[in-house]
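Reader: I am new to this structure and would like a close look at one part of it, namely how its helices pack against one another. Could you take me through that part carefully, and then place it among the surroundings?

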Amino acid sequence: MNIAKMEMASALFNQIYIKTEKSFFGLKTKITYAPTKSNVVGITLDYNPTEGQKVKAILEADQSELIAILKKEGRPATSDNGNLRLNLCYSQDHEFAALHLQQFQGFEYHTVGKIRFATGDEAKKLLTAFIK
């Protein structure tokens, strides 16, 4: 997925530890997590309302509660046609993650909560719920 076209792109690009480089006449953007020089990739995952509530609980959990919430909620199951969408950007070494939950209402997606940025151990824990 093209991260530059995601709704959270400007917030992501404004993070001090994210480096962007334009190439191929400015048409391609390479995004890296600067501390580890790992490429950042983006995906979109859709969830039904029940599974979407699990995603919301995971994203709203404090770092100290994260393991307990992950054990309680488990890995949310994606849906082919859900009304909740998680935009997820992460470094390939799993040292960085940015998560943005949106809900489809009134023929468009609206942000649910805040964009969550995580680094290091917190990012690895969060990504276990969404990346195999």
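**Helix packing and its surroundings**

Author: H3 and H4 are roughly parallel to each other, because the angle at which they pack is about 5° and angles under 35 degrees count as roughly parallel. This is a predicted model, and in it helix H3 covers residues 66-73 while helix H4 covers residues 120-128, with the two axes 10 Å apart. On the side of H3 the contact is made by Leu66, Ile67 and Leu70, and these meet Glu122, Lys125, Leu126 and Thr128 of H4. Sorted by character, the residues of this contact comprise four that are nonpolar, one that is polar and two that are charged.

H3 also packs against helix H2, which spans residues 49-60. Here the axes come within 9 Å and cross at roughly 170°, and H2 and H3 are therefore roughly antiparallel to each other, since an angle over 145 degrees counts as such. H2 brings Lys54, Ala57 and Ile58 to this contact, whereas H3 brings Leu66, Ile69, Leu70 and Glu73. Five residues of the contact of H2 with H3 are nonpolar, two are charged and none is polar. Leu66 and Leu70 of H3 appear in the contact with H2, and Leu66 and Leu70 are also named in the contact with H4.

From H2 the view can pass to a pocket. The second largest pocket has a volume of about 180 Å³, and the largest share of its lining, three residues, comes from H2. Among the residues that line this pocket are Lys56, Leu59 and Glu60, together with Ala61, Leu101 and a run that includes Val112, Gly113 and Lys114. In character, the lining of the second largest pocket is made up of five nonpolar residues, one polar residue and four charged ones.

The largest pocket, for its part, has a volume of about 280 Å³. Of the 15 residues that line the largest pocket, Asn2, Lys28, Thr29, Lys30 and Ile31 are the closest to its centre. Strand S2, residues 28-33, and strand S3, residues 38-47, each supply at least two residues of that lining, which divides into seven nonpolar, five polar and three charged residues.

These two strands lead on to a few single residues. Lys37 sits in the loop between S2 and S3, and with a relative accessibility of 71% Lys37 counts as exposed. Its phi is near 55°, a positive value in a residue other than glycine. Most residues other than glycine have a negative phi. Ser38 lies in strand S3 and, in contrast to the exposed Lys37, is buried, because its relative accessible area is 9% and buried means under 20%. Leaving aside residues up to four places away in sequence, Ser38 touches Ile31, Thr32, Tyr33, Ser91, Gln92 and Asp93.

His94 also has a positive phi, near 65°, and is likewise a residue other than glycine. His94 lies in the loop between strand S4, residues 84-91, and strand S5, residues 96-105, and at 24% relative accessibility His94 counts as partly exposed. Finally, Asn14 is found in the loop between helix H1, residues 9-13, and strand S1, residues 18-23, where Asn14 counts as exposed at 62% relative accessibility.

Methods. Residues numbered from 1 in each chain as written. Predicted model: local features only at pLDDT ≥ 70, side-chain atom pairs only at ≥ 80, totals over all residues. Heavy atoms only, no water. 1 Å grid on protein atoms, 1.4 Å probe; cavity = no way out; pocket = protein on both sides within 12 Å on 5 of 7 lines; lining within 4 Å. Points joined across faces, edges and corners; volume = space filled by probe spheres on them. Helix = DSSP H or I, 4+ residues; strand = E, 2+ residues; numbered from the N terminus. Nonpolar A, V, L, I, M, F, W, Y, C, P; charged D, E, K, R; others polar. Axes fitted to C-alpha atoms, helices over the stretch in contact; angles between N-to-C directions. Parallel < 35°, antiparallel > 145°, perpendicular 65-115°, else oblique. Contact = heavy atoms within 4.5 Å. Buried < 20%, exposed > 50% of the residue type's maximum accessible area, 1.4 Å probe, protein only.
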